[in-house]
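Student: I would like a close look at one part of this model, with the geometry and the burial of its helices set out step by step. Could you take me through it in one connected answer?

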Amino acid sequence: MQIKTWKLKNKKQIVIWQMFFIIGITCIVLNNIKLLDIDKDIESLVLTGMIGFLCITWIWQAVKNNSERLVLLIGYLFRLLLLFIDIYGREYIVLFSSKADSEGFWRNAVNRYHGIPMPEYTKYPYIIRGFMEVFGENRLMAQYMNIIFWLITAIVLCQCLEIIKVKGNIRLIGIGLFCFMPQYMILTSILMRESMIVFFNTISLYFFLKWYKEQRFLWIVIAEAMVLFSMVLHSGAIGIGAAYGVAYALYNNKTGKMCVSWRTIILLIIGIAGLSILYVSPYRRFLLSYIPKMNSIFEVQKKRFLIGGSDYLRNMPYTTNPWTLVKNSMVRMLYFYISPVPWEWRGIKDIIAFCMDAGFQVAAWTIGIYGWVRKKDKQILISWLLLCLFFTGIIFAWGVSNAGTAMRHRNKLIGIEIVLICAAIKQCRFSQKVTRKG
């Protein structure tokens, strides 16, 4: 009976994806014969209505629990509302401080779409131009694709929680955080690349968790491949890939424990050599474009930043002492995750920003570390998730120097952070039940 139900449910989801494909092909044909872009407002309403109906149907097919379905549905509708506010009320309401970035992405993509040569402005305009090949020069639809990527990521996150057996209220809280974190909700509704980066990061996490459970080499390869796609959009994702590599090198699937062996040393040497070759190769501009070329590690301190109102740690003295550099890096990583820091608040806006975004980071780290210390039998998984945050934080520590940019970049880790929180809470609650029974 369960097999028949699963096959029926799977068949319905395939039909939904076939409908998505048909809509896409139809739009490409209409665009090529110049029937799109005649009335963008009407076209946008029709397309978002049709695709939205399929999205809602997919939510009901892919998610079992009614509460989770409702949370995802409300999250989708909120983003749709923010999308229309950003498109039609942009002159009156600015949803995000990086308006210059979103406008730059759009102008660059439009010029490329019309065959006008443009300088490189990240790889994101190429993706926007790809959307134009489907929907025409329609900014609303380009931004709507970010909401679609968010929805797919949300379903993948549900599968991640399924793999580590997170259920009930903990799972609902995790899904709720993914749907309603204010900063992330805006980022997935406007013309920014974070929605796609989180998509690749979360899919990579899904395959990493499958490797953790099944120990199939294929899963860790796919996980690293997804990180490479994320790195094309922003090099900072290399921290996640490095954490996966360390996990694979240290984890002994026979004993289920982490240990250092000759295999570990060989794999780490291969990994470091591979990164070094990539760093000096022509492919560097695709995957490591945000990491500057340096003659020594101390040159990370020389990065120039644009002056802004939410700057932090701009007057740290240059050092050639490795231990001082390590200490300064830890301080900068702390600022990256929790800025605007309470001791530098300038007013109510900073307090709101801290409560709505940095507070989540404090909770993720606190709960993760607490779960790692408290439960030894789940230390391995929690260790790797914390390592993803640590490596990524170290990379962004010297690449970011203002609170607004830090808030945007740390939201790239939201999928990993939610899985970390749910895994740690689940394990601590389980241990309390066992202790009471004993």
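Tutor: What follows is a walk along two helices, with a short look at one threonine afterwards. The model is a predicted one, and helix H9, covering residues 194–214, is a suitable place to begin. Helix H9 has 21 residues and reaches 30 Å from its first C-alpha to its last, close to the 30 Å expected at 1.5 Å a residue. Helix H9 is also mostly covered, with 18 of its 21 residues buried. After H9 comes glutamine 215, whose phi is positive, near 60°.

Helix H10 takes up residues 217–233, and because each residue should contribute 1.5 Å, its 17 residues should span 24 Å, with which the 26 Å between its end C-alpha atoms agrees. The buried residues in H10 include Trp219, Ile220, Ala223, Met226, Val227, Ser230, Met231 and Leu233. These residues cover an arc of only 150° around the axis, which means that they sit on the same side of H10. The general background is that an α-helix has 3.6 residues a turn, so residues three or four places apart point the same way.

Turning to the threonine, threonine 366 lies in helix H15, residues 348–374, and it counts as partly exposed because its relative accessibility is 48%, a value in between the cut-offs of under 20% for buried and over 50% for exposed. A polar atom of the side chain of threonine 366 lies 2.7 Å from the backbone oxygen of valine 362. The C-alpha atoms of threonine 366 and alanine 424 are separated by 10.0 Å, although the two residues are 58 residues apart along the chain.

Technical notes: Residues numbered from 1 in each chain as written. Predicted model: local features only at pLDDT ≥ 70, side-chain atom pairs only at ≥ 80, totals over all residues. Heavy atoms only, no water. Helix = DSSP H or I, 4+ residues; strand = E, 2+ residues; numbered from the N terminus. Expected span 1.5 Å × (residues − 1). Buried < 20%, exposed > 50% of the residue type's maximum accessible area, 1.4 Å probe, protein only. Arc of directions from axis to C-beta. Polar contact = N/O pair within 3.5 Å; in protein donor to acceptor, adjacent residues only side chain to side chain.
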